[in-house]
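Work through the exercises below with the sequence and the coordinates at hand. Each task is followed by a solution in steps.

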Amino acid sequence: MIRWIQRLFSPRAVDRQLGAELRFHLDQQAGDFMAQGMNREEAYRRAAIAMGGLEQVRQRCRDRRWENYLEGLSSDFQLALRRLLKEPRFSILAVAALGLGIGSTTLVFSLANGLLLRPLPYPHLDRVVAVDEYSPTDVNEKGTVNFLNYVDLRARTRLLSDIGIYDEGNIDVLGRDSAESIPGAITTQGVFSVLAVAPLLGRTLNHDDCLPNAPLVAVISQEFWQQHYGGDPSALGQYVETEDHRFRIIGVMPAGFHFPGRAELWLPLQTDPAHANRTDYNRNAIARLKPGVSVAAANAELESLLQEIHRENPVSNNNWHIRAVSLRRALTADYSRAVMSLLVAVAFLLLIACANVSYLLLVRASARASEMAVRAAIGASRRRLMRQLGTESLMLGAAGCALGVLLAYLGTPALLSLIPIELPSWMNFSVDVRVLFFALGIALLTALGAGLAPMLSSTGGDLTLALREGGRGQSSSRGQKTLRRTLIVVELALSMVLLVGAGVMVHSFRDLISQNLGYNSQNLLSLHINYPDRSYPDGSKARALVVELTEKMAALPGVISVAAMTEPPLESSWTRIFTIEGRPLPLKDMKFVTHIVITPGYFRTLQLPLLQGRDFSEADYDAPNVLIVSQSFAARHWPHESAIGKRVRFGPPWNQEPWHTVIGVVADSKMRGLQQAETAAVYLPYSSEVTPATFLVRASADPLQLAPALRTLITGIDRSISVSRVLTLEQIRERASWRQRFFSVLMTCFTGIALILAAVGFYAMLSYSVFLQRQEIAVRIALGASYSSVLRLVMSEGLRLVGIGRAAGAVLATGLTRLLQSQIFEVSPMDPLAWIAAVLVLIVVAGLAMFDPVRKAIRVDPVVALREQ
Amino acid sequence: MTDRPEFPKGTLDMLILKIVGLGPTHGYAISQRIQQISNDVFQLTQGSLYPALHRLEDQGWLAAEWKETDTGREAKYYKLTRKGQRQFDAEVLTWKRLTDAVTLILQTTE
């Protein structure tokens, strides 16, 4: 053992020792000869001869060392390479199949790696949880916590070391000549202690910074620091300015710290508990578990504390619950199942590629059976032959791996270009060491998997039989034939599963994006404005701005109409609890409704039909409270009568907010998102309390072309107004459906590749089968068989395999498409359309693959075929 | 050199183990002893001796160390290990069985 290691690390020393040993022998021998009376020269010559030559002995000693094994391996490689190069068609096909399989798998793995495996840059991440309160009755009401509840929970918890709350959003920071919208967050000190990341410079927020009216401070990211302050430590103490406030910089976070999302700037959350209530939910929360505390224990404690808070505040007890989920799970919840189903899909693709290569190797092995037999007969051991075949598989695997990694490397940017939104900075999909190791691992597995069957079947056979069959290379035992057919059936079955999966996803995606939104989303532009509170301190100033902007924008050429609203369609998140007059409900039974504040002309701009009553006018501003409701809201609450004239009140009962009278009913529309079935909504006219800041512009043509003119117009009215989120409604729709689109596109690509591979395999099998049967066919034709009977002979085999593959695939698909359940929209995993399409596509592709082999079979020339024998 | 037969396959290892078992020796001495013991019947090319020695060492049947000879030169001395002793016993047993069987066959056919 020690010698082996010694040789590995210092081959020279070992050689020197060997030289000394042999030299000693030579000297002794020569000495003996000299004692017998020979002269020195003769004695050494004779001694060298007796020894068999110094160098030869040296070489023989080296030969039997284990390094030599490597040399044998290298000759195996050379041989394998020569063979593979001699059959370029086979090699290219095999490498392409492996490359596509490995590339697709690696690509999806790098997605999974970036989402699920790559560590988030926070220490002891397993102890960081996301906390949210949720309604027991309304599945849409979740994801945030109430400020007062947070204060109480933080004071009482014994299992959490801290809780932090935050609000994510863009902050308009004044630059040298214009405002810049910086992703940031308004947070409490707890966010930093929960994530346990120390600042690079200065300090993070502390308790005092988050008290109401405390001096305003800011923490900036390392990237922001570099970009705006050139990495100068004197940035500490300088000010980050917005239109309304200036924040003294107290700390710089280390590079790569961007929580939440892509945050570059953290400002203190200064909420005055005196002005907070227990029914508003608008803060995100994270918490850190104390060492040794499980997520389940934290959950139990949080829930019992919240129930305690409910008991102490019976008036505001709305029966809500609270839960803690590991941060990683919370962040990846939307993706993990989709990524898992993609992993399954590419695993199938990889299996198909593997079966394909295995099939090719098998066919090739039976063509080489006589070569193997000859080699075995002249003394090659079975192990040696297997090593040779294994080396070939490994070389194919290595080439496939290289191609696959290249594909994954090139494919990742293409993949990311399908994502229309800015991903949070922690998502990183680059090809890293783990991805490379994964690719290597699966390449090894695939190569061995593909090579195993041919290795076993072609080296274990009966030699004499193989030799007797001669060089015709047609030996196919029954077992081999079954093996080859099984591989093809597996390919067809897996393709069938992928086809069904892709069909279901594509169908669901089409439904999702083609559903009726209720309004005309063509040629609509939405843009958000930010104006400083300083310049527009009260409602009337803000109203004047909105009116001026609306009028001037509407006057631009190409603009049909303009209106403003609180949040653009598909992105409305503001919901409120409400009471119908005469039907009071206890707090815990009150429902939420989407609540949108709009300016007159909103429905006209959206082209959302007004079904009953009238639209708002400027006269409704701060006038007796009026309300327009959606059709489904009206139908739900006043099913047998007109909603007009009925009254609704918002907020918790004890607030005694004013009643709003319904003056109109509009058609239903998708406001909350594409996947939300809920279409109930209420619309309120803008007032001195709420000034909407998102404008909706209906254009006569491509609305994006209006964007520069609109910007110029807005900043022309007031330079301090910044414009952000300029998006067409179609873009908003795309952003709302990007995940479905992303996964449908991937699934379709993978299915396409799988289908091509399976078709190639099927084609190869049929061609080979026709090749083997050509003499039988020739005899039949010679004996007068009709073409149709030859046709039947060839096709029946193919069709039988397709049939078995389809049936097996259907069984598998029934089980596996359930995985997709969570990602599909309004389509069942048993969607008949997808299933029918899958079967049709499989049959058409199989039919195409059969075309050429069948043609070859019919064209068999009996004279030529029979002479071959 | 003369056309004497090489050692039968498999016997060289056994002879080396036997000789080294008598006491630590270097390669040259081993070759001399083999020639002497076999009465010069078999030809031993040192070309096969050294690879064999190294193989036996790798297998842990022999251990080697560099020591001074009587004449004061450094030489590589081999000695039998415990594992080597067991191997030798096993090989001798096999050899006996083989020769007994062959002898028996030769006698019966005569």
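**Exercise 1. Confidence**

Among the elements of chain A, which has the lowest mean pLDDT and which the highest?

Solution. The model is predicted, and confidence is the starting point.
- Step 1: chain A has an average pLDDT of 86, with 94% of its residues scoring at least 70.
- Step 2: the lowest mean among the elements, 55, belongs to helix H1 (residues 2-9) of chain A, and the highest, 95, to strand E5 (residues 217-220) of chain A.
- Step 3: in residues 470-475 of chain A the pLDDT falls below 50, and this stretch makes 13 contacts in the model beyond near neighbours in sequence.
- Step 4: coordinates predicted with low pLDDT should not be read in detail.

**Exercise 2. Overall dimensions and domains**

Describe the extent of chain A, then the side of domain 2 of chain A that touches domain 4 of chain A.

Solution.
- Step 1: the radius of gyration of chain A is 38 Å, where a compact globule of 869 residues would have one near 29 Å.
- Step 2: along the principal axes, the C-alpha atoms of chain A occupy a box of roughly 125 × 90 × 55 Å.
- Step 3: the secondary structure of chain A consists of 25 helices and 21 strands, and 41% of its 869 residues count as buried.
- Step 4: of the contacts in chain A between residues at least 6 apart in sequence, 83% link residues at least 24 apart.
- Step 5: chain A is assigned domain 1 (2-65), domain 2 (136-319), domain 3 (334-514 + 738-867) and domain 4 (532-720).
- Step 6: between the C-alpha centres of domain 2 and domain 4 of chain A there are 30 Å. Contacts join 11 residues of domain 2 of chain A to 12 residues of domain 4 of chain A. On the domain 2 side of chain A, these are one nonpolar, six polar and four charged residues.

**Exercise 3. Backbone exceptions in chain A**

Locate the cis peptide bond at Pro260(A) and the positive phi angles of Gln607(A) and Arg725(A).

Solution.
- Step 1: the reference is that most peptide bonds are trans and that most residues other than glycine have a negative phi.
- Step 2: the bond from Phe259(A) to Pro260(A) is cis, with omega near -5°. Pro260(A) sits in the loop joining strand E7 (246-252) and strand E8 (265-268) of chain A.
- Step 3: Gln607(A), not a glycine, has a positive phi of about 60°. Gln607(A) is found in the loop between helix H18 (602-606) and strand E15 (610-613) of chain A. Gln607(A) has 16 C-beta neighbours inside 10 Å and therefore counts as partly exposed.
- Step 4: Arg725(A), also not a glycine, has a positive phi of about 50°. Arg725(A) belongs to strand E21 (residues 722-728) of chain A. With 15 other C-beta atoms within 10 Å, Arg725(A) is partly exposed.

**Exercise 4. Strand E3 of chain B**

Why is strand E3 (residues 74-80) of chain B largely enclosed, and which strands pair with E3(B)?

Solution.
- Step 1: five of the seven residues of E3(B) are buried, so the strand is largely enclosed by the rest of the structure.
- Step 2: strand E1 (residues 25-26) of chain B pairs with E3(B) in the antiparallel sense over two bridges.
- Step 3: strand E2 (residues 62-68) of chain B pairs with E3(B) in the antiparallel sense over seven bridges.
- Step 4: Tyr78(B) in E3(B) stands opposite Thr25(B) and opposite Ala64(B).
- Step 5: E2(B) and E3(B) form a hairpin with five residues between them, and in its turn Gly72(B) has a positive phi of about 90°.

Definitions and conventions:
Residues are numbered from 1 along each chain as its sequence is written. Chains are lettered from A and ligands numbered from 1 in the order in which they are written. This is a predicted model: local features need pLDDT of at least 70, side-chain atom pairs count only at pLDDT 80 or more; totals for chains, interfaces and linings use all residues. Helices (H or I, at least four residues) and strands (E, at least two) are DSSP runs, numbered from the N terminus. The radius of gyration is taken over C-alpha atoms; the globule rule is 2.2 Å times the number of residues to the power 0.38. A residue is buried if 20 or more other C-beta atoms lie within 10 Å of its own, exposed if 12 or fewer, and partly exposed in between; C-beta atoms are placed from the backbone. Two residues are in contact if their C-beta atoms, placed from the backbone, lie within 7 Å. Domain bounds come from an automatic or database domain assignment. Ala, Val, Leu, Ile, Met, Phe, Trp, Tyr, Cys and Pro count as nonpolar, Asp, Glu, Lys and Arg as charged, and the others, Gly among them, as polar. pLDDT is the predictor's confidence in each residue, from 0 to 100. Two strands pair if DSSP finds at least two bridges between them.
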